[in-house]
Amino acid sequence: MRVLLIGANGYLGRFVADRLLADPAVQLTALGRGDDSDVRFDLASGSPGALTRFLDAVHPGVVINCAGATRGGARDLTRHNTVAVATICEALRRSGCGARLVQLGCGAEYGPSQPGSSTAEDAVPRPGGPYGVSKLAATELVLGSGLDAVVLRVFSPAGPGTPAGSPLGRLAEAMRRAMQSGDGELKLGGLGVQRDFVDVRDVARAVHAASLSAAQGVVNIGAGRAVRLRDAAAVLARVAGYGGALHELDQVPVRQVIGHQRGESEHGTPAAAYPYPDGCGSWQQADVRTARDRLGWRPRINLEESLADIWMEAACRI
């Protein structure tokens, strides 16, 4: 099976590449903006015609898109998350390769949900920020393309390689600094948020399964269980061997909340106006029955193992 992987050098793409390379039946070609890609191509500025010519030459059976941006203003997010996907869809429509498309979406497309509920694929998406809007627009392009395509809505990925700017990455960095300075007290804000964390290696398994399946439409990829960030902090402290006290700050300015960027929000307005930078509110939990039924996929790696791997990388910086 010839697979074209777009975004192989990104957080999710690296693990998807590793998973595919471990399958002897897969012949993998990586396309991206970096020099270490097999083929250099910028989806945000490249033309559908140029990509079509490449598809006709390589003739992949599956195209997997892991590329995209999670940070930046609305214009950049639209270019990298929406315009790029429009280029892929148009190139595939023009090409004679007939490839199947596996697009990585995200849980932020749904926006806030009712605490205690599980969000299924038939929920009406109401993204609460420009990132979720840009990814939802990409999903709609894929679903309306007429292609053989599936969109995997990945909730909150965790595990090795977790970006330092993510909630769990910032949490690990704060704990590393406390241990390095011998601080016996760690004060953190925003720990009441609950998210559905899924290990990045389980995400890679889901992508592999989706590329081999006939599933179409949207499929949620998550653990199926919301975890409060303060509980994740307690587990991280245990695996890190941090014996200090964890104190949650009350009513802290939003820019001090774990996982939030300093300065202005992505809307260009003061950060304090947006208490949940990902636009997902205080609660998110995926209904993952569709992934089980249509992909034969279940998450295997628990959050404690994911956190241990996050801490291992953070500890190397001590």
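Two strands are taken to pair if DSSP finds at least two bridges between them. In this predicted model, strand 2 and strand 3 (residues 39-40) are joined by 2 bridges and run parallel, so the pair meets that cut-off. Looking at the contacts one by one, Leu31 stands opposite Val39 in strand 3, and Gly32 has Arg40 as its bridge partner there.

On to the other neighbour of strand 2. Strand 1 (residues 2-6) pairs with strand 2 in the parallel sense, this time over 5 bridges, and Leu5 stands opposite Ala30. To get from strand 1 to strand 2, the chain passes through helix 1 (residues 11-21), and the resulting β-α-β crossover is right-handed. Strand 2 itself spans residues 27-32 and is mostly covered, with 5 of its 6 residues buried.

Zooming out, these strands belong to an open sheet of 7 strands, laid out in the order 3-2-1-4-5-6-11 with parallel pairing. Strand 3 and strand 11 (217-221) sit at the edges, each pairing on one side only. As a general point, strands of a sheet pair through backbone hydrogen bonds, either parallel or antiparallel.

As for aromatic contacts, the count comes to 1 aromatic pair. The partners are Tyr110 and Phe155, whose ring centres are 6.0 Å apart with 35° between the planes, which makes the pair tilted. Tyr110 comes from the loop between strand 5 (100-106) and helix 4 (130-143), while Phe155 comes from the loop between strand 6 (149-154) and strand 7 (156-158), so the pair ties together parts that are 45 residues apart in sequence. Both rings belong to buried residues: the relative accessible area is 3% for Tyr110 and 7% for Phe155. Tyr110 has a further partner in Arg153, whose charged end sits over the Tyr110 ring at 4.5 Å from its centre.

After strand 7 comes another loop, the one leading to helix 5 (167-181), and Ser166 lies in it. Ser166 has a relative accessible area of 17%, so it counts as buried, the cut-off being under 20%. The Ser166 side chain also reaches the backbone oxygen of Pro163, at 2.8 Å.

Among the helices, helix 6 (residues 200-212) is close to what the ideal rise would give: its 13 residues reach 19 Å from the first C-alpha to the last, against the 18 Å expected at 1.5 Å a residue. Helix 6 is also mostly covered, with 11 of its 13 residues buried. The buried set includes charged or polar names such as Asp202, Arg205, His208 and Ser211, along with Val200, Val203 and Val207. Ala204, Ala206, Ala209 and Ala210 are buried in helix 6 too.

Helix 2 (residues 48-58) holds Thr52, which counts as buried at 7% relative accessibility. Thr52 and Pro130 are 78 residues apart in sequence, and their C-alpha atoms are 29 Å apart in space.

Technical notes: Residues are numbered from 1 along each chain as its sequence is written. This is a predicted model: local features need pLDDT of at least 70, side-chain atom pairs count only at pLDDT 80 or more; totals for chains, interfaces and linings use all residues. Side-chain values use heavy atoms; hydrogens and water are left out. Helices (H or I, at least four residues) and strands (E, at least two) are DSSP runs, numbered from the N terminus. The expected span of a helix is 1.5 Å times one less than its number of residues. Buried means under 20% relative accessible area, exposed over 50%, partly exposed in between (1.4 Å probe, protein chains only). Rings of Phe, Tyr and Trp (its six-membered ring) pair if their centres lie within 6.5 Å; planes under 30 degrees apart count as stacked, over 60 as edge-to-face and the rest as tilted. A charge sits over a ring if NZ of Lys or CZ of Arg is within 6 Å of the ring centre and within 35 degrees of the ring normal. A polar contact is a pair of N or O atoms within 3.5 Å; within protein, one must be able to donate a hydrogen and the other to accept it, and residues adjacent in sequence count only if both atoms are side-chain atoms. A crossover is right-handed if, with the strands pointing away from the viewer, the path from the first strand over the helix to the second runs clockwise.
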